[in-house]
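Welcome! Here is a short set of exercises, with worked solutions, to help you find your way around a new structure. Have a look at it first.

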Amino acid sequence: MENQATMSEFDSILASRGVSRRSFMKLCAGIAAAAGLSQLAVPRVASALEESVIGATSGDLYPVIWIEGASCTGCTESFAQVETPDVASVVLDLISLNYSETLSAAAGHSVEEAKAQTIAAGNYILIYEGAVLEAFDGNALRVAGETGITALVEAAESANAVVAVGSCAVNGGWMAAAPNPAQALGVQQYLEKVGVATPVVNVPGCPVNPEWVMSVLVDVVVMKDMDLLLNRLNDFNMPGDLFNQTIHDNCERRGHFENGEFVYEFGSEEEALGYCLYPVGCKGPQTRALCGVTLWNNRRSWCVQAGAPCVGCCESNPMNPGDNWVEVNTPFYKRMRDLRVGPLNLQPTTIGVAVTGLVAAALVVHGFGMKASGRMDGGAPFEKIRKWDAKHPDQEVGTYADPVTGGPVLDEELVHKNADPRNND
C-alpha cells in the first residue's frame, strides 16, 4: 500500500509536468543508456528516480557546488538551456545547486556563505567549469577575495567527486593555448599536483554536451553509486562509453569517406551532396566523443550534420595543457595543424614547398659547380668500371667497351685492367 501511495504521488508529480507514465519509462530507458547500463536496469532507474523525486519534495536534495574558473560560462549555458520533459529536467529537480556564480539568485556575502556551509557539511558534488590559472601565485583569477586555486582546493577536498565540465576544465582548453601567459591547466592535473585525492571525472567539450553531464549525475545522484561512475572511466578519467570512440566512428558521412567522396571547397557541388568534410579540416578521425550519437539541442542535430567540419573541441589530454584542442587543431578549416617554428606558425604544406625549393636550388647550384669543374665536359676522369664489378668480376652488372676495339669486353682480364687505377691514364 505504501509503495502504491508513493507511485500515486510520483505519478501526480509527473502529471503536473505533463509527463505520462509511459513517457517516464522511456525516459528511464534513456537514463540507463546514458549511464552505460543495460535495459535490465530500467526498473532500478525508475525506482531510484521515484524515491529521489519524492524525497526532493521534502527538501532531500543532493548538494552541488558549481564553481567557475577561467571560463566563458558556455558550459553553464549549455547545461541550463534544456527543454522539458527530458532527462535533464527531472535530474535538475534532484540536486540543490547551493552555489553558482552564474545561476544562483543570491550574490555577494550570502552566496559565499552558502558555499562555505555546504563545504562544511560535506557529501556534495563539485562541478568545476573553466581552466585553473596558476600565474602570479594564482592571482590571475580571484573570486570573492581569494584566488581561484584556493577556491578549487577548498571545495574539492571535501567533495565526493569533482566533475570537470568542458575542455577548459579538463586541460586548460583555449586558455592553455600557446603562449599560455596565465599558466592555465586542468582540474585533475592541478589537484594531483597539490595532493588532493578526490576523484575527478573529466567531461570535455566546448561547450560540454548537457546529456553527458546528466549521465554523470545519474550515477551519483540517482543511482547513488560512486563505484558505478568510477568504473566507467578510461585512462583520461573520462566516461569511456562517451569518449572511447572517435567522431569518425559514428559519423553519418563516413560512407562518403570510404567511397573517396570529399568536399574540397565550401559552396561546391560536393558540399551540397553531403560528402565527407575531411579535406576542409574535419578533425573527426582524431577526436574521441559521441557527438554523432548523442547529438545536440535535445537530439536535433550536431556540427557535421549542420554542415560544419568537426573542430575537435573534445580533444583534451588532462595531464598536458599543451595538448589542448585549440592548439592541436587550428586552423580549423585546414587539413593539417600549424607547426610552430620559433615565433612562426606554418602549415606543413608550406614547409614542404619551401624544402622542395631549397633542394631544387641546391641541385641547380650543384649543376653549375659540375660545369665549372669541367666534369660535364669530360675534363675530369670518371671510373671506367663500377667498384662492384671490379671486385666481383664474376657478378658484374655493367657492360664495358674494349678500349682498343670499342666492342664489348669479353675477356675477364680486360675488366681487371680497366678496374686497376694505374691503367686509367
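The exercises below go from the whole chain to single residues.

This is a predicted model, in which local features need pLDDT of at least 70 and side-chain atom pairs count only at pLDDT 80 or more, while totals for chains, interfaces and linings use all residues. Residues are numbered from 1 along each chain as its sequence is written, and side-chain values use heavy atoms, with hydrogens and water left out.

**Exercise 1. Take stock of the chain**

Find how many helices and strands the protein chain has, and which elements have the lowest and highest mean pLDDT.

Step 1: Helices (H or I, at least four residues) and strands (E, at least two) are DSSP runs, numbered from the N terminus. The protein chain has 19 helices and eleven strands.

Step 2: Turn to pLDDT, the predictor's confidence in each residue, from 0 to 100. Its mean over the protein chain is 80, and 71% of the residues reach 70 or more. Among the elements, helix α19 (residues 412-419) has the lowest mean, 51, and helix α9 (residues 187-194) has the highest, 98.

Step 3: Look at burial, where buried means under 20% relative accessible area, exposed over 50%, and partly exposed in between (1.4 Å probe, protein chains only). Of the 425 residues of the protein chain, 45% count as buried. In α9, the buried residues include Val-187, Tyr-190 and Leu-191. Just after α9, Gly-195 takes a positive phi of about 85 degrees.

**Exercise 2. Follow three buried residues**

Work out where Ser-78, Val-165 and Leu-229 lie, and what each one touches.

Step 1: Contact means heavy atoms within 4.5 Å, and residues up to four places away in sequence are not counted for Ser-78. Ser-78 lies in helix α4 (residues 74-80) and is buried, at 12% relative accessible area. Pro-207, Val-208, Asn-209, Pro-210 and Trp-296 are the residues that Ser-78 touches.

Step 2: Val-165 belongs to strand β7 (residues 161-165) and is buried at 1% relative accessibility. Beyond its neighbours within four places in sequence, Val-165 is in contact with residues including Trp-66, Cys-75, Ile-127 and Val-208. Val-165 and Phe-79 are 86 residues apart in sequence, and their C-alpha atoms are 9.9 Å apart.

Step 3: Leu-229 sits in helix α11 (residues 226-230), with a relative accessible area of 0%. Leaving out residues up to four places away, Leu-229 touches Val-201, Val-216, Asp-219 and Val-220. From Leu-229 to Val-201 there are 28 residues along the chain, and 8.6 Å between C-alpha atoms.

**Exercise 3. Look for disulfides**

How many disulfides are there, and why does Cys-251 not have a bond to Cys-282?

Step 1: Here, a disulfide is a pair of cysteine sulfur atoms within 2.5 Å. The count by this rule is zero.

Step 2: Cys-251 has no such bond because the closest cysteine sulfur, in Cys-282, is 6.2 Å from its own, too far for a bond. Cys-251 is buried, at 16% relative accessible area.

Step 3: Cys-303 has its closest cysteine sulfur in Cys-291, at 6.4 Å, so this pair is too far for a bond. Cys-303 is partly exposed, at 45% relative accessibility.

**Exercise 4. Inspect the largest cavity**

Find the volume of the largest cavity and the residues nearest its centre.

Step 1: On a 1 Å grid over the protein atoms alone, a cavity is a set of points where a 1.4 Å probe fits but cannot get out, and lining residues have an atom within 4 Å of a point. Grid points are joined across faces, edges and corners, and a volume is the space filled by probe spheres set on the points.

Step 2: There are three cavities of 30 Å³ or more, and the largest has a volume of about 90 Å³.

Step 3: This largest cavity is lined by 13 residues, and His-248, Cys-251, Cys-276, Cys-282 and Pro-285 lie nearest its centre.

**Exercise 5. Spot the backbone features**

Locate the cis peptide bond before Pro-207 and the positive phi of Asp-137.

Step 1: The bond from Cys-206 to Pro-207 is cis, with omega near 0 degrees. Pro-207 is in the loop between β9 (200-203) and α10 (210-222).

Step 2: Asp-137 is not a glycine, yet has a positive phi of about 60 degrees. Asp-137 lies in the loop between β4 (132-133) and β5 (142-143) and is exposed, at 70% relative accessible area.

Technical notes. 1 Å grid on protein atoms, 1.4 Å probe; cavity = no way out; pocket = protein on both sides within 12 Å on 5 of 7 lines; lining within 4 Å.
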